[in-house]
Amino acid sequence: MNLFDTDFHCHILPGIDDGAADVEESIKLIQMQMAQGVRNIVATPHYRKHEMSVERFLKRRSAAYNKILNSRAFEKMPRIMLAAEIALEHNLCDTEGLELLANQRMNTLLLEIPYEGYRKWMSEEIEEIAYRTKKQIIIAHLDRYVDIFSSADYNDILNIPDAIFQFNTSVFTKWKTKKLLKPFIKDDYPVVFGTDCHNTSSRKPNFDIMVKQLKNYEPNYNVRMLFEQ
Ligand SMILES: [Fe+2]
């Protein structure tokens, strides 16, 4: 397991969110990921606090995962780690069982900052969640905010203690997002990648682009530690 064979963010579980619609699409997505070099998949369906309890979400997530297992579509399955992409909102830290949404193997929680202007409460909430759940926080797709966050906003986020920063592999397809990523790589920040794939057409996996672009890159120590657990 390493940075170059692990997809940290994707929506491959069938029928649970706006990702794979059914088990056939899940299988196709996993086959595409594997063809691109992925051997470890962190499945991260959307979790929104106001939509359902953690308990209900976990039941739905296991049912979706079991559909893939029962399909017996793979001679050799990739490792699938179950987790969630948790929408950040006020008082998310009070959610019962929030820590159960973590990738239990790596002890990480993937949080999605809302797509709106940055506000101070966001990093405060993230710090509180890290403190209460005792999980390491991964902040989802930092590249997505390139048009709405200022450098000062990004700096605030970079100062969240022990956070890991996830970029979508599509970061390499646009000049602007590539420029955003550059100092993270150069200055040895803890960075991980995810395809954030949802389907086999408009939002398909493109993991191979990252593998190609980051040849000879040595991941940050905190990132390497994730694979040792
Ligand atoms: Fe996502």
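# Notebook: a look through the predicted model

**Overall build.** I started with the secondary structure and counted seven helices and nine strands in the protein chain. Note to self: this is a predicted model. Next I checked the radius of gyration, which is 17 Å; a compact globule of 229 residues would come out near 17 Å, so the chain agrees with that expectation. Along the principal axes, the C-alpha atoms fill a box of roughly 50 × 40 × 35 Å.

I then asked what share of the residues is buried. The answer is 53% of the 229 residues. For contacts with a separation of 6 or more, I found that 77% are between residues 24 or more positions apart.

**Surface and charge.** The accessible surface comes to about 11000 Å², and carbon and sulfur atoms hold 46% of that. I tallied the charged side chains too: 30 are positive and 32 are negative. The centres of these two sets lie 5 Å apart.

**Aromatic pairs.** I searched the whole structure for paired rings and got 11 aromatic pairs. The one I looked up in detail is F165 with F184: the ring centres are 5.8 Å apart and the planes sit at 70°, so I logged the pair as edge-to-face, the cut-off being over 60 degrees. F165 belongs to strand β8 (residues 164-168) and F184 to helix α5 (residues 175-186), so this pair ties together parts that are 19 residues apart in sequence.

Are these two rings' residues buried or exposed? F165 has 2% relative accessibility and counts as buried. F184 is buried as well, at 4%.

I also noted a ring cluster elsewhere in my list: Y115, Y118, Y145, F149 and Y154 are linked by ring pairs.

**Y189.** I went to the loop between α5 and β9 (191-194), where Y189 sits. Its relative accessible area is 27%, so I put Y189 down as partly exposed. Which residues does Y189 contact, leaving aside neighbours within four places in sequence? I wrote down L158, F165, P183, F184, Y217 and N220. That list includes both F165 and F184, the two partners of the edge-to-face pair. I checked K215 as well: Y189 and K215 are 26 residues apart in sequence, and their C-alpha atoms are 17 Å apart in space.

**Positive phi.** Two aspartates went into the notebook for their backbone angles. D162 has a positive phi of about 65° although it is not a glycine. I found D162 in the loop between α4 (151-158) and β8, and at 61% relative accessibility it counts as exposed.

D188 is also not a glycine, and its phi is positive at about 65°. This residue lies in the loop between α5 and β9. At 41% relative accessibility, D188 is partly exposed, because the exposed class starts over 50%.

**A84.** Last stop was the loop between β4 (79-82) and β5 (85-87), which holds A84. Is A84 buried or exposed? With 0% relative accessibility, A84 counts as buried. Not counting residues up to four places away in sequence, A84 touches A43, T44, P45, Y47, F57, R61, L101 and L110. I also took the distance from A84 to I185, which is 101 residues away along the chain: 25 Å between C-alpha atoms.

Notes:
Residues numbered from 1 in each chain as written. Predicted model: local features only at pLDDT ≥ 70, side-chain atom pairs only at ≥ 80, totals over all residues. Heavy atoms only, no water. Helix = DSSP H or I, 4+ residues; strand = E, 2+ residues; numbered from the N terminus. Rg over C-alpha atoms; globule rule 2.2 N^0.38 Å. Buried < 20%, exposed > 50% of the residue type's maximum accessible area, 1.4 Å probe, protein only. Contact = heavy atoms within 4.5 Å. Areas by Shrake-Rupley, 256 points an atom, 1.4 Å probe, with all protein chains shown as cover. Lys, Arg positive; Asp, Glu negative; His and termini not counted. Charge placed at Lys NZ, Arg CZ, Asp CG, Glu CD. Phe/Tyr/Trp six-rings, centres within 6.5 Å; stacked < 30°, edge-to-face > 60°.
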